[in-house]
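The exercises below are meant to be worked through with the sequence and the 3D view side by side. Try each task before reading its solution.

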Amino acid sequence: MERDDKVSQKYPPSLRAKILCRVFSEDYERGKRKILDPRGKTMQQWNRVFLVACLVSLFVDPLFFYLQVVWEEQCINIGVPLEVILTAVRSLVDVFYLIQIYIRFRTAYVAPSSRVFGRGELVIDPSKIAQRYLRRGFWIDFIAALPLPQVLIWVIIPNLKGSTITNTKNVLRFIIIFQYLPRLFLIVPLSSQIVRATGVVTEQAWAGAAYNLILYMLASHVLGACWYLLSIERQEACWKSVCKREKSSCNYQFFDCHKVDDPTRNAWFQSSNVTELCRPSSGYYNFGIYGDAQTHALSALPFLKKYFYCLWWGLKNLSSLGQNLSTSTYIGEILFAIIIATLGLVLFAQLIGNMQRYLQSTTVRLEEWRVKRNDTERWMHHRQLPPELRQSIRKYDQYKWVATRGVDEEVILRGLPMDLRRDIKRHLCLDLVRRVHLFDQMDERTLDAICERLKPALCTKGTFLVREGDPVNEMLFIIRGHLDSYTTNGGRTGFFNSCRIGPGDFCGEELLTWALDPSPSIILPSSTRSVKTLSEVEAFALRADDLKFVASQFRRLHSKQLRHKFRFYSHHWRTWAACFVQAAWRRFKRRKEIIELRARESSI
């Protein structure tokens, strides 16, 4: 109300109505408006549920083609148990389409004029939403939601004149195909809507591959059901052909099982040779691609047996592009075979392409690493590197792959906002940084600044991190592994000091002294020690520029307590402390010996 009052006072009525019916997604109050956000979590969940319902409906509708069964008396009837089950399942699925229509009337849409920048504004006026939906998409949803097969089977067809079987076969086939096309069409905009909201239809690669495989199996399922219905039609055509030969005693009504108890029909059936003539082996009638259905008496089998056989037939011919189909000269049969070949070519190519894309997405990093490793091998061979150097490169490349799996963390973090990047760095590095003795008592703000600038470093066994006398450009904090740190005091004869560095220690401490200097030099300090890895090492590196920035921004690093702790844990300062103690001890021993010598001389 407060927002509406401000708008009414500030803007004229024409502009006021336009402003009040538009909001941004983040400013949208779903509880008051009762209008759904198309990019909200509720709509994302519903779209996935409705997508599953659409796939189920596309699977259920072709099952109506299996309602017709053939009896031994050479007549066609309707399977009532299957009819009841399909009616119940189809009615349940239709409820989802009705819910979808209601939700579409209550779902906001993005104003086209606001798409110039960002995600755009949502139109939340119910009347405008209804007008837009009625113009775009309502009639397709309405046709898809109609319970046409149920009404036809239970209400319309039983009241039609003529053969019930003929009416069921012709009308049901037309209605199923008529309603199947809009239901199939609904999957395309629904998938696009899911992609616009979340980026992908499925988040997992295996789920994407399974989704494409389900669509391919669905096409096989539809072809198998059509083949079954057309095979019964071809069998009825054979019966009618025999019936023409016996015009005096035959009637087309005899092929309806409702006439099976008719005495005239029984007399004709006993005298007719229709059973033998309509066998594929008799050669009287060419069944073409429907010969297998007649040979196995498919229409008389239990539902599950004939369904799986038809599914297998559809999958086999769709995958082989119909190459094994031997058709007759019947035009409808030839057109059906052409549809199978064309559809198989398109769907099989799409399936292979999508499956390859989804499956390759799980190993794309591995393939990139293999290509990079092959390029490295060719480069080493071209430059004629010695075997020991080649082995070192291979070990580092292998260790880096095992540790990171080809993912460059810095590239990922660089594309994130500063605040989010800081939180991620804190989560990844804070506990590890606290293991370093130098930082365990440091305040949170300073630790956050250090964590934000740390870079991961991986080293294989036998690698020199720094050599004595080289400039130090980064300070390393060891997380895992052990190193050997030694010095010869600039190559002085007879001087050698060595120590072992492990998790929680650091090296490159000369850089911290350089950074804490109030008037530092531009020239980086030289290393006083050589550091070599004794095993595989994982560490965090703090570059010279980053360390200088932290030291200049946070005065905590200049405290005497931190300086004392730094000198206590620094191997460089420990070495020099030991040298000074040893030198002082030698001077003390020398002075003591001189005093004792003088005392002995004076006593003489």
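**Exercise 1: The sheet that holds β9**

In this predicted model, an open sheet of 4 strands runs in the order β7-β12-β9-β10, with antiparallel pairing. Task: determine which strands stand at the edges of this sheet, and what that leaves on one side of each.

Solution. Begin with the ends of the order: β7 (464-466) and β10 (497-501) are the edge strands, and because each has a single partner strand, one side of each is left without a neighbour in the sheet. Then follow the sheet across its strands, where the twist averages 25° from one strand to the next.

**Exercise 2: The partners of β9**

Task: work out over how many bridges β9 pairs with β12 and over how many with β10, name residues that stand opposite each other, and decide whether the residues of β9 are largely buried or exposed.

Solution. Step one is the pairing with β12: strand β9 (residues 483-487) and strand β12 (residues 530-533) are joined in the antiparallel sense over 4 bridges. Within this pairing, Asp484 lies opposite Lys532 of β12, and Tyr486 lies opposite Ser530 of that strand.

Step two is the pairing with β10, which is also antiparallel and extends over 5 bridges; here Thr487 is found opposite Asn497 of β10.

Step three concerns burial, for which the cut-off is under 20% relative accessible area. In β9, 4 of the 5 residues are buried, so this strand is largely enclosed by the rest of the structure.

**Exercise 3: A second open sheet**

Task: for the open sheet with the order β6-β13-β8-β11, identify the edge strands and find the bridge partner of Pro456.

Solution. This sheet consists of 4 strands with antiparallel pairing, and its edge strands, β6 (455-459) and β11 (506-507), each pair on one side only. Turning to β6, one finds 5 bridges that join it to strand β13 (residues 537-543), the two running antiparallel. The bridge partner of Pro456 is Phe540, in β13.

**Exercise 4: A nonpolar patch on the surface**

Task: state which residues make the nonpolar surface patch of about 490 Å², and which element gives the largest share of it.

Solution. The patch is made by Val80, Val84, Val151, Trp154, Val155 and Ile156. Assigning these residues to elements, one sees that α5 (80-105) and α8 (148-156) are the elements that give two or more residues, and that α8 supplies the largest share, with 4 residues. As a final check on a single member, Val84 is located in helix α5 and is partly exposed, with a relative accessible area of 43%.

Terms used. Residues numbered from 1 in each chain as written. Predicted model: local features only at pLDDT ≥ 70, side-chain atom pairs only at ≥ 80, totals over all residues. Heavy atoms only, no water. Pairing = 2+ DSSP bridges. Axes fitted to C-alpha atoms, helices over the stretch in contact; angles between N-to-C directions. Patch = residues over 30% accessible without salt bridge, like charges linked within 9 Å, V, L, I, M, F, W, Y side chains within 5 Å. Areas by Shrake-Rupley, 256 points an atom, 1.4 Å probe, with all protein chains shown as cover. Salt bridge = Lys/Arg side-chain N within 4 Å of Asp/Glu carboxyl O. Buried < 20%, exposed > 50% of the residue type's maximum accessible area, 1.4 Å probe, protein only.
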